[in-house]
Amino acid sequence: MPRINFFLVTVFTVISFYGFSQTESLYNSYTIPLDLKANANAVVRFEEKVVEILDYDKINVKEKRIVTILNEYGKKHANALEFYDALRDIKEMRVYIYNASGEEIKKIKEKDFIDASAVSDISIYEDDRVKYLKYVPQSYPYTIEYTSEVVYNSTAFFPGWQPIGGYYVGIEHSEYKIINSAKIELKTKKENFDAFDIEELSDKHFIANKIQGIKYEAYTPELNNLVPRYKVALKKFNMVGVEGVNNNWSDFGKWMYDRLLTGTDAIPQSTVDEVKQLTAGIDNKIERAKKVYKYMQNKTRYISIQVGIGGWKPMMAKDVDKLGYADCKGLTNYTKALLEAVNVPSYYTVVYGGNGIRNIDSEFSAIEGNHVILCVPNENENIFLECTSQTSPFGFTAGFTDDRDVLLVKPEGGEIVHTKVYEADDSVQKTIANVYMDDTGGFKAEVNITTTGYQYNLHKGIENETTRDQQLHYTEYWANINNISIDNITVNNDLDHIVYEENVKLSSRNYASKSGSRLIFQPNMFNKVTKIPPRYNNRKLEFKIDRSFKDVDEFIIQLPENLKIEAMAEGKTIDSKFGKYDFKLEAIDGNKIKYTRTYILNKGNYQKQDYKAFRDFRKQIVKHDKTKIVLIKA
Amino acid sequence: MKYLLLTIITVFTITQVNAQNYNFGKVSKAELEEKWHPTDSSASAAILYKKEHVNFFFDESRGFMQRREIQFRIKIYNKDGFDWATKKVYLYKGQKDESISGLKGFSYNLEGSKIKKDKLSSDGKFKEDYNDYLKINSFTMPNVKQGTVIEYKYTINSPRIGIDDFVLQYNIPINKLDVKVATPQYYIYNSQLNPRAKFIPKLNKTTQQVSVPFDYKIDMIDINEENVPALNAEAYAGNINNYRSGMSMELTAILNAQKVIEKTFSTNWEKVSKTIYDSQNFGGQLGRTSFYKDDLEALLAGANEDFEKAILVENLVKSKVKWNGNYSKYAQKGIRAAYKEGEGNVADINLMVVAMLRSQGVNANPVLISTRNNGIPLFPTREGFNYVICCVQSGDSYMLIDATEKYSTNNVLPQRVLNWRGRLIEAKGVSRWVDIKPNTKSVESTMLNIKINDDFNITGKVSKNLTDYIAYRYRKEYAQATPESHIKALEKDNGNLEISTIDFKNRKDIYKDVKVSYEYNLADAVDEIGDKLYFSPLLFMAMKENPFKLEERQYPIDFIIPYEDKYLINIMLPEGYVLESLPKSEAIAFNDNDVKFVYVAKANGSYLQLKVQLDINNPTVLPKDYKDFKAFFGKIVEKQGEQIVLNKAKP
């Protein structure tokens with residue numbers, strides 16, 4: 001299981017205010033335009049964030065926000081919190097709370113905010129802290145006015161603008177302005193401005209007006225990619241005392257290499273000798289890399305420790321060698337050093353890790369990513385190594401770092417490349433079963449499941465469970481089979497070929513339901529789609545299928561002698577732009593039935609108009625996966 | 001002679017193997033070579049040795065100080081066990097500041113045939129302030145791999161008299177458990193083991209006389225156990241900690257220098273309750289009346305009945321004061337401040353209800369509660385209670401009120417409260433037990449109308465009536481939802497179902513039953529095979545799978561409340577079809593009607609009618625009955641899946 005290190009989770013916490021004279025009416029919830037209340041749990045009445053650049057290593061962020069919280073789900077949109085540390089100083093934090101009709105009911109000063117360590121449960125150490133508001137509302141709606149001022153002395157992260165911070169929040173007025181007093185050169189990028197009502201008062205001063213709340217819809221791509229965003233970075237910046245340059249990925253990557261990586265990769269001679277000996281006589285560099293990767297996996301473990309230049313500098317490779325643990329940066333850098341020792345070049349690679357697919361923006365260089373992996377360049381295809389997992393196969397990325405733009409940190413500079421895409425034929429689940437039915441409607445079966453690619457990722461890990469939990473796993477996996485008992489389980493995780501194989505013997509009493517002299521049952525026992533994506537009368541957002549896959553099923557069902565087929569469908573083929581589905585039922589010699597099924601889903605970005613067709617495709621599959629066979633006494 | 005020597009050697013060797021050395025640093029090769037745990041082969045790690053020794057030493061300036069010595073030796077079998085190599089130690093800070101000392105740790109690995117030892121150094125130790133009351137000392141062991149044995153020890157020094165609970169069971173096995181508690185004569189503790197645990201250790205109690213720095217006796221408890229099995233969580237068992245082996249030490253008295261009792265604490269529930277009652281933050285709150293007097297008088301004008309007054313007061317408190325999420329039996333702000341500021345903890349709110357009602361001459365009393373996550377207390381202790389509600393009595397009947405939640409009503413309490421029993425304290429601190437779990441069944445009744453259309457789509461109407469806890473849960477889930485999201489939630493994972501025109505009555509009127517009705521359209525629920533139609537009559541309301549998956553259980557199933565779930569189904573057949581077969585009517589019962597299931601199907605011309613009913617009369621199912629119960633539930637699922645068969649009518 002790869003894990004994420006969130007470097008710094010401050011996306012849009014910081015903001016400001018200059019002489020905007022809002023009227024009293026903004027505190028009064030009754031003045032919210034009706035259309036902004038639709039699809040909203042909260043409405044940002046007024047927001048202004050002013051960022052003043054005082055120097056390359058000093059920025060001042062002032063923020064004022066008036067938000068009406070309409071119901072309990074809207075509380076999180078108050079966003080009254082600040083992270084801080086040695087280089088981020090909170091100058092001011094203040095909250096006023098108003099009741100529905102706009103009368104002030106409470107005032108909260110900075111000292112009354114809750115001050116806590118920002119350490120997450122998975123992390124053993126982080127030096128971040130957070131101050132946040134804890135307020136118990138007496139009734140809804142209420143309005144909160146939040147004012148803050150924060151000074152950053154580390155400027156690698158520059159507070160940009162994203163007026164729509166999430167689903168179900170309406171925006172009445174959101175304003176953003178940069179005052180570049182120090183005349184530091186800036187890089188900026190506007191995203192999705194056209195699709196919204198954004199006023200551009202100057203090239204660094206914007207107002208978003210009257211934006212309706214966005215309702216969540218299933219299969220929507222990352223919201224961040226659909227809403228207006230303004231990205232900013234200083235071309236000359238400071239990261240915890242280290243000066244940096246950032247004109248493009250090439251020089252920013254070079255800076256990262258020089259200032260964050262250089263000098264961290266020394267490892268003891270004894271370890272060098274050990275890996276050399278391990279790979280002695282192996283000519284092929286990939287084969288050497290495999291040996292070294294395995295060596296690293298057996299020697300280390302993942303631990304989250306966020307220290308060193310804002311959580312960006314890896315632990316020294318020699319310390320990782322000594323201690324046997326590190327976070328993703330330390331483990332990746334260590335693996336890189338080990339590979340170096342056996343003459344396999346590799347690159348430290350910054351990525352957004354996660355099941356959801358998120359790219360490093362190839363057009364805008366800035367501090368990005370939440371995870372680090374290692375790239376081993378190879379003739380036809382780059383190989384990416386997950387160094388935080390002790391069980392991941394060599395070069396396996398499906399489900400966490402696959403199919404996305406990532407940053408290679410090379411000595412000569414940064415470079416954006418794309419990681420491996422797992423196509424339908426790479427992510428296959430094949431289920432083969434021999435089923436023996438009895439005349440009471442029960443059956444015994446031997447099932448063999450092999451999985452590759454993304455589906456491998458979904459299945460693996462059963463081998464480490466206790467017998468009790470393995471049994472539990474299969475009763476849940478086949479929850480559609482009532483009165484199931486799992487009689488035997490053998491699993492094999494083939495790390496070399498990246499194939500997971502499961503062999504399960506099971507039985508069920510009364511699987512087929514009786515109806516007079518008939519038995520009725522569904523031949524698709526082992527791989528049924530039962531869920532239809534949610535219905536939207538009027539879908540608003542485009543949708544996305546992240547990954548392709550292919551399922552192949554073949555079940556041979558032996559009927560008892562005294563029963564014969566009364567009725568049975570022949571099969572069905574469905575073709576659509578989203579994929580292909582077909583199943584077939586044949587009576588074969590010896591009173592047997594052969595059920596075959598193939599289901600392919602195609603990844604892609606689709607228009608909202610296509611959603612209904614996608615739903616229909618799935619509806620059809622759910623329907624045909626329930627196809628029934630009627631047996632009658634022979 | 002030769003043979004004799006051999007025998008002696010053999011015996012000697014066996015003794016060597018068995019005599020494990022648990023002294024710090026004496027990790028053996030055999031421990032490092034072990035590939036899996038001998039009695040629990042699936043364990044990802046095992047505690048080879050746990051030592052926890054608590055004693056008190058006398059400090060000239062500070063009096064008795066508590067010292068807790070901890071030592072662990074842990075074997076890591078595979079990668080899932082790596083988490084055991086990192087430890088977070090929480091310490092109290094502030095007035096009762098605790099400190100950690102003597103933290104030492106080593107990782108042991110086998111390299112070839114040699115044991116390699118790595119020290120836990122300062123780069124693996126971390127400190128941080130967690131919040132106003134706690135700080136964390138954490139550490140992570142170096143060079144941990146599959147097969148590693150780690151060992152660490154440290155001592156916590158504390159000025160506290162209270163002794164933290166001893167954990168005697170983990171989710172990995174313990175091979176050797178060594179617990180000692182030595183307490184000075186001046187502090188009297190009552191030790192108690194968890195009687196619900198599967199594993200109950202033996203206690204050896206002794207005393208010892210000391211003379212330095214002065215004469216006093218020490219009471220000692222020893223636990224020396226081997227092979228403590230791992231604790232595995234089970235679904236529907238409630239809080240698994242209720243079944244974890246453990247020991248608590250309750251302080252019952254303090255003696256003065258002359259060894260005469262100076263102060264006593266709880267020794268029975270009566271005293272515990274009295275002690276709590278006597279606190280300013282409990283009983284002390286109940287006499288405060290002035291600040292709400294006017295509001296109450298206006299509100300209660302015209303109300304005569306006690307229960308009527310109780311409901312009015314409950315609603316007043318609910319509307320005026322919101323719960324800040326904190327549990328406690330003691331008021332946090334005090335009821336006056338809570339009333340003024342409009343927020344408070346559980347005690348602020350519910351003691352306020354008691355105080356208000358008492359001021360109006362209503363017989364209202366606080367009831368102490370141990371919530372579900374607090375578990376069931378092992379013995380009389382103030383910590384055994386962590387929550388308080390209000391009880392109103394009128395004649396023989398009583399009404400329980402918890403005003404922290406919007407949708408809870410009289411005798412329908414939030415689920416967190418439904419644990420064990422409550423301790424009711426009357427005006428002078430006199431107390432007694434009361435039942436808090438409901439003895440009336442909560443009922444969900446559903447009327448399902450089914451019309452099969454010519455295209456074999458089904459249309460119809462659903463009407464539901466929900467009472468008590470079922471109504472409470474439904475309100476919690478949907479009362480805030482828009483009709484659109486309510487529909488979405490009902491459609492979710494129910495096949496090709498479309499719901500329209502939903503009606504949700506008594507959404508906010510919590511003293512009435514919830515009534516929900518809607519119209520629906522269901523496609524693909526009828527199979528046309530040959531000349532016949534097949535469908536199962538509970539449609540999308542059928543239980544889709546048996547929720548009980550384990551082969552066997554160690555702990556009881558807890559349904560929490562008794563309830564009844566019943567369906568009346570009316571089916572109109574499509575034109576041109578006649579009934580061929582109906583599922584058989586059947587009634588089955590489990591364990592003398594603890595749980596009952598009835599299925600009745602009748603035909604009447606082109607109409608069919610079914611009655612399906614599940615009654616959970618006793619919400620607790622014991623592990624010994626589990627296999628039967630699982631089969632019983634399997635039968636219900638099977639029955640609900642049975643098909644009605646229709647045949648094309650002959651012209």
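**Exercise 1. Work out what share of chain B is buried, and how its contacts are spread along the sequence.**

Step 1. Start with burial: chain B has 651 residues, and 36% of them count as buried. Keep in mind that you're looking at a predicted model.

Step 2. For a residue to count as buried here, 20 or more other C-beta atoms have to lie within 10 Å of its own.

Step 3. Now the contacts. Take those in chain B with a separation of 6 or more: 68% of them join residues 24 or more positions apart.

Step 4. Add the overall build. Chain B holds eleven helices and 36 strands, and its C-alpha atoms fill a box of roughly 100 × 80 × 45 Å along the principal axes.

**Exercise 2. Decide whether helix α5 of chain B is buried or in the open.**

Step 1. Find the helix: α5 of chain B covers residues 293-300.

Step 2. Count its buried residues. Of the eight, zero are buried, so the helix lies largely in the open.

Step 3. Look just past its end. There, B:Gly302 takes a positive phi of about 95°.

**Exercise 3. Find the part of chain B that you shouldn't read in detail.**

Step 1. Check the chain as a whole: its mean pLDDT is 91, with 97% of residues at 70 or more.

Step 2. Then hunt for the weak spot. Residues 1-18 of chain B have pLDDT below 50, and this stretch makes zero contacts beyond near neighbours in sequence.

Step 3. Apply the rule: where pLDDT is low, don't read the predicted coordinates in detail.

Step 4. For the model's overall scores, note ipTM 0.85 and pTM 0.88.

**Exercise 4. Describe the side of chain A that touches chain B.**

Step 1. Get the head count: 46 residues of chain A and 49 residues of chain B take part in the contact.

Step 2. See which elements of chain A give two or more residues; among them are β6 (114-117), α4 (285-299) and α9 (611-625). The top contributor is α8(A), with five residues.

Step 3. Sort chain A's side by class: 17 residues are nonpolar, 19 are polar and ten are charged.

**Exercise 5. Compare the two sides where domain 1 and domain 3 of chain A meet.**

Step 1. Locate the domains: in the assignment for chain A, domain 1 spans 24-239 and domain 3 spans 424-633. Their centres, taken over C-alpha atoms, are 47 Å apart.

Step 2. Count the contact residues: domain 1 of chain A gives seven and domain 3 of chain A gives ten.

Step 3. Break down domain 1's side, which has four nonpolar residues, one polar and two charged.

Technical notes
Residues numbered from 1 in each chain as written. Chains lettered and ligands numbered in written order. Predicted model: local features only at pLDDT ≥ 70, side-chain atom pairs only at ≥ 80, totals over all residues. Helix = DSSP H or I, 4+ residues; strand = E, 2+ residues; numbered from the N terminus. Nonpolar A, V, L, I, M, F, W, Y, C, P; charged D, E, K, R; others polar. Domains from an automatic or database assignment. Buried ≥ 20, exposed ≤ 12 C-beta atoms within 10 Å, placed from the backbone. pLDDT = per-residue confidence, 0-100.
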